[in-house]
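Please read the sequence and turn the model around once before going on. The paragraphs below start with the whole protein and then take up some of its parts.

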Amino acid sequence: MTKLSVNINKIATLRNSRGGDTPNVVQFAKDVQRFGAQGVTVHPRPDERHIRYQDTRDLKLEVYTEFNVEGNPIQSFMDLVLEVKPTQVTLVPDAVDALTSNAGWDTIKHKEFLTEVIHEFNSHGIRTSIFVDPVLEMIEGAKITGADRIELYTESFAHQYSLGNSNAIEPFTKAAELSNEIGLGVNAGHDLSLDNIKFFKENIPGLLEVSIGHALIAESLYLGIENVVQMYLQRLK
């Protein structure tokens, strides 16, 4: 069964929009784990416009499933990850002013940098994953850096699938097949939803984990968070 890691950034966005501590991100993380999620994901950004660095520290004390911290490995992010020591760090090349993640790493161009960063995290016992597009050369480049896993950036699949183009899965299937062959674990995330997750799971061999935030939180407004978590778990079997 593919693990579901719930990205709780949107809960922090809602909290920050009003000030105060409602909804409480730590309580929400405890709840989604209680409802069956096998992981919690956060993506702190330098401006702390949603998840704050202190949230990440607070969550470490309460996440008893897998804790996945995503972000661009600038020095402040690296210091945070080495302090918190989550289960996994996912390296994402987002610009400081990016609204959301919008591209994977060029693992060939940034090979030396990524290799150095990954070595540092691995030396502290933190599993590493690199956010990549479904491009075979980038998968091979990720392997060279010493990463444990890749996270496939799935926005293009989700968009095309919503238009009725199921063939959009093909580069992702090939990327996963290559990853399995060369010993890289496969994660995925971005715009996955209840509408497309079952089809995606069925066509991605060896899919270990999906990280889902925006769609899951939006769907929960109508269906309730406990129900939505269970619906994802059913589709990921």
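The accessible surface of the protein, in this predicted model, comes to about 10,600 Å². Carbon and sulfur atoms account for 51% of that surface. Beneath it, buried residues make up 52% of the 237 residues. The protein carries 22 positive and 32 negative charges, and the mean positions of these two groups are 5 Å apart.

The chain is built with 11 helices and 8 strands. Its radius of gyration is 17 Å, close to the 18 Å that the globule rule gives for 237 residues, so the protein is as compact as a globular protein of that length. Along the principal axes, the C-alpha trace spans about 45 × 40 × 30 Å. If contacts between residues at least 6 apart in sequence are considered, 67% of them join residues at least 24 apart.

One helix to look at is α10, which covers residues 214-223. Which of its residues are buried? They are Ala215, Leu216, Ile217, Glu219 and Ser220. An α-helix has 3.6 residues a turn, so residues three or four places apart point the same way. The buried residues of α10 pack against two strands, β1 (3-7) and β8 (207-212), and against the helices α1 (9-18), α2 (25-34) and α11 (225-235). Just after α10 comes Gly224, with a positive phi of about 90°.

Next, find Asn196, in the loop between β7 (185-189) and α9 (197-203). Is Asn196 buried or exposed? Its relative accessible area is 4%, and buried means under 20%, so Asn196 counts as buried. Leaving aside neighbours within four places in sequence, the residues in contact with Asn196 are Phe157, Ala158, Tyr161 and Asp191.

Glu137 belongs to helix α6, residues 136-145. Why does Glu137 count as partly exposed? The relative accessibility of Glu137 is 44%, and partly exposed covers the range between under 20% and over 50%, so Glu137 falls in that class. With neighbours within four places in sequence left aside, Glu137 is in contact with Thr107 and Ile108. Thr173 lies 36 residues from Glu137 along the chain, and the C-alpha atoms of the two are separated by 15 Å.

To return to the two single residues, Asn196 is buried in its relative accessible area, whereas Glu137 is partly exposed.

Definitions and conventions:
Residues numbered from 1 in each chain as written. Predicted model: local features only at pLDDT ≥ 70, side-chain atom pairs only at ≥ 80, totals over all residues. Heavy atoms only, no water. Helix = DSSP H or I, 4+ residues; strand = E, 2+ residues; numbered from the N terminus. Rg over C-alpha atoms; globule rule 2.2 N^0.38 Å. Buried < 20%, exposed > 50% of the residue type's maximum accessible area, 1.4 Å probe, protein only. Contact = heavy atoms within 4.5 Å. Areas by Shrake-Rupley, 256 points an atom, 1.4 Å probe, with all protein chains shown as cover. Lys, Arg positive; Asp, Glu negative; His and termini not counted. Charge placed at Lys NZ, Arg CZ, Asp CG, Glu CD.
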